[in-house]
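User: I am new to this structure and would like to go through it step by step. Could you show it first?

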Amino acid sequence: LVFLGNGPSGICLSYLLSGYIPYFKRDSVHPHPILQRKLEEAPDVSILDQDLEYLSEGLEGRSHSPVALLFDTLQRPDTDFGGTAESVLTWWQETDRAIPHLVLGRNAPGGAWHSIEGSMVTLSRGEWMGLPDLPFKDWLKQKRRGLRNNRATAEDIAQYYQHYVMKKGLQKNFKCGTVVTSVRKVSAENISSHAEEDLQANSDSVWNFNEKSPEVFQVDGFFKTVEGDKKPFSIYAENVVLATGTYDSPTWLGVKGENLSYVYHQLSALEEAVKNNSIGITSDPVLIVGAGLTAADAILFAHHCNIPVIHVFRRRVSDPGLIFNQLPRMMYPEYHKVHQMMKEQTAACAGPYECYVSLPEHHVLSFGKDKKCVFQDKNGCQKVYKISMALVLTGSNPNLSFLPNNGIDLAVDNGQPVSPKRNPIDVDPFTYECTQDKGLYALGPLAGDNFVRFVQGGALAVASSLLKKANKNPP
């Protein structure tokens, strides 16, 4: 078994496949009475071996995945109501039930969390970032630190995920500095016995596969060595888990001039420009395109540095789909401030905030070589602004170039590219196995689960499915 991606989804699945098995903790009481009754029906049977569809039936919450809601409510029973009830799970290590696996990732364990500016504060509450059986706030206490407004920094999260892998003894399963270039099905008969012997000799038989499988996956790629060389590899596996997230490729607008040198697609470009003093208080405005949280982070950063901003976005400020209209004001005061600026400081009416102009229901028509940018509003009226740099922060897409046809055939709408929010990979909701390709699983944002607290249910579903396939279920 091989899985691609070593972020929270991959780490959680590695924990479950390393023989750590969750059971209902005797004498604990879950606040959901129907779930409590179901858990009491088979207290000696692990959660992994129970019927996940039956257990999750009737649960409601902030995810569309029944298994995500189930695993979340077992670990954090009343968290959505501000409660701090302890997990109703207890974990037992049953080494005979471990499934050999390898987790391939470009970075250290933690995935994209190592690429995010370290001081950025998470959207989710700190305790929602934790993984099974090692609460995040307990780890933070050891560092003699508390949570600011219940939230954590990206640097804390990245360190916690690395610590988790070491503390739980999972590091032998992780191969970092790995780039996968191709995943495809091949006939098991075509793999030469020489290749099989070679793989087994080099890897403690992790690559052993069931003789009965007519087809296996061939995973090709390269390791980056310490010297900077690329060392190619080929691995064969009966099952492959896709957990590569969505941080790879920023979305482009597809307008004229977007490839000019002053147009960027990552927040780090703004931080770099401020550090280099290439922009400052007296510069022409920075253009920020987008109305999500990354755009809001850019506005807050620019505001803090007194850098003038023009903020362009397609939606109405009152649009219920806008993320700011879904966040509790008390918990997210800084994002509420950005939303207020968007409302009160439009080009049409001057407001109390200096150095900021909002252009709702506008879109970019073109970027000029002279750094003049043309916008158009909903009525077709055009405006031109001279800017110092542009940040297009309208989301990102997964890079699935290693899959046949970029993974499009696996999506819910197989005529469109895979998109975590609009067109995820089509998976069975209780196993997370791809409906179009048996043996291939998808986790996390690729399967439509975009928050750390909810990706873990997918890992539970995959582990349950793989244990059944491997016949490692107790009688």
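Analyst: The conversation below goes through helices, aromatic rings, sheets and cysteines in turn. Please note that this is a predicted model.

User: Let us start with helix 4. How many of its residues are buried?

Analyst: Helix 4 is mostly covered, with nine of its ten residues buried. Among them are Val67, Leu69, Leu70, Phe71 and Leu74. The polar residues Asp72, Thr73 and Gln75 also belong to the buried residues of helix 4.

User: And what do the buried residues of helix 4 pack against?

Analyst: They pack against helix 1 (8-17), helix 2 (33-41), helix 3, strand 3 (89-93) and helix 11 (452-469).

User: Where is Ser65?

Analyst: Ser65 is in the loop between helix 3 (52-56) and helix 4 (66-75).

User: Is Ser65 buried or exposed?

Analyst: Ser65 counts as buried because its relative accessibility is 8%, and the limit for buried is under 20%.

User: What does Ser65 touch?

Analyst: Leaving aside residues up to four places away in sequence, Ser65 touches Tyr432 and Asp449. In addition, a polar atom of the Ser65 side chain lies 3.1 Å from the backbone nitrogen of Ala68. Ala68 is itself one of the buried residues of helix 4.

User: Now the aromatic rings. How many aromatic pairs are there?

Analyst: A search of the whole structure finds twelve aromatic pairs. One of them is formed by Phe71 and Trp91, and this pair is edge-to-face, at 6.3 Å centre to centre and 65 degrees between the planes. Phe71 lies in helix 4 and Trp91 in strand 3, so the pair ties together parts that are 20 residues apart in sequence. Both Phe71 and Trp91 are buried.

User: What about Phe136 and Trp139?

Analyst: Their ring centres are 5.7 Å apart and their planes stand at 35 degrees, so the pair is tilted. Phe136 and Trp139 are separated by about one helical turn, because they are three residues apart in helix 5 (residues 136-142). Phe136 is buried, and Trp139 is buried as well.

User: Which residues do ring pairs link into a cluster?

Analyst: The cluster consists of Tyr15, Tyr20, Phe71, Trp91, Phe136, Trp139, Tyr160, Tyr161 and Tyr164. Both pairs just described therefore have their residues in this cluster, which is linked by ring pairs.

User: Let us change topic to the sheets. What is the order of strands in the sheet with strand 18?

Analyst: The order is 17-18-19, in an open sheet of three strands with antiparallel pairing. Strand 17 (362-367) and strand 19 (382-386) are the edge strands, each pairing on one side only. From one strand to the next, the twist averages 30 degrees.

User: What holds strands of a sheet together, in general?

Analyst: Strands of a sheet pair through backbone hydrogen bonds, and the pairing is either parallel or antiparallel.

User: How many bridges join strand 17 and strand 18?

Analyst: Strand 17 and strand 18 (residues 372-377) pair over five bridges in the antiparallel sense. His362 has Asp377 as its bridge partner in strand 18, while His363 stands opposite Gln376. The two strands form a hairpin with four residues between them, and Lys371 in the turn has a positive phi of about 65 degrees.

User: And on the other side, with strand 19?

Analyst: Strand 18 is joined to strand 19 by five bridges, and the two run antiparallel. Cys373 has Tyr385 as its bridge partner in strand 19. Here too there is a hairpin with four residues between the strands, and Gly380 in the turn has a positive phi of about 90 degrees. Strand 18 is mostly covered, since five of its six residues are buried.

User: What about strands 8, 9 and 10?

Analyst: They form an open sheet in the order 8-9-10, with antiparallel pairing. Its edge strands are strand 8 (178-187) and strand 10 (230-237). Neighbouring strands of this sheet are turned by 20 degrees against each other on average, direction ignored. Nine bridges join strand 8 to strand 9 (residues 215-224), and Val183 stands opposite Val219 in strand 9.

User: Lastly, how many disulfides are there?

Analyst: The structure holds zero disulfides. Cys355 counts as partly exposed because its relative accessibility is 36%. Cys381, at 43% relative accessibility, also counts as partly exposed.

Note on methods. Residues are numbered from 1 along each chain as its sequence is written. This is a predicted model: local features need pLDDT of at least 70, side-chain atom pairs count only at pLDDT 80 or more; totals for chains, interfaces and linings use all residues. Side-chain values use heavy atoms; hydrogens and water are left out. Buried means under 20% relative accessible area, exposed over 50%, partly exposed in between (1.4 Å probe, protein chains only). A polar contact is a pair of N or O atoms within 3.5 Å; within protein, one must be able to donate a hydrogen and the other to accept it, and residues adjacent in sequence count only if both atoms are side-chain atoms. Contact means heavy atoms within 4.5 Å. Two strands pair if DSSP finds at least two bridges between them. Axes are lines fitted to C-alpha atoms, for helices over the stretch in contact, and angles run from 0 to 180 degrees between N-to-C directions. A disulfide is a pair of cysteine sulfur atoms within 2.5 Å. Rings of Phe, Tyr and Trp (its six-membered ring) pair if their centres lie within 6.5 Å; planes under 30 degrees apart count as stacked, over 60 as edge-to-face and the rest as tilted.
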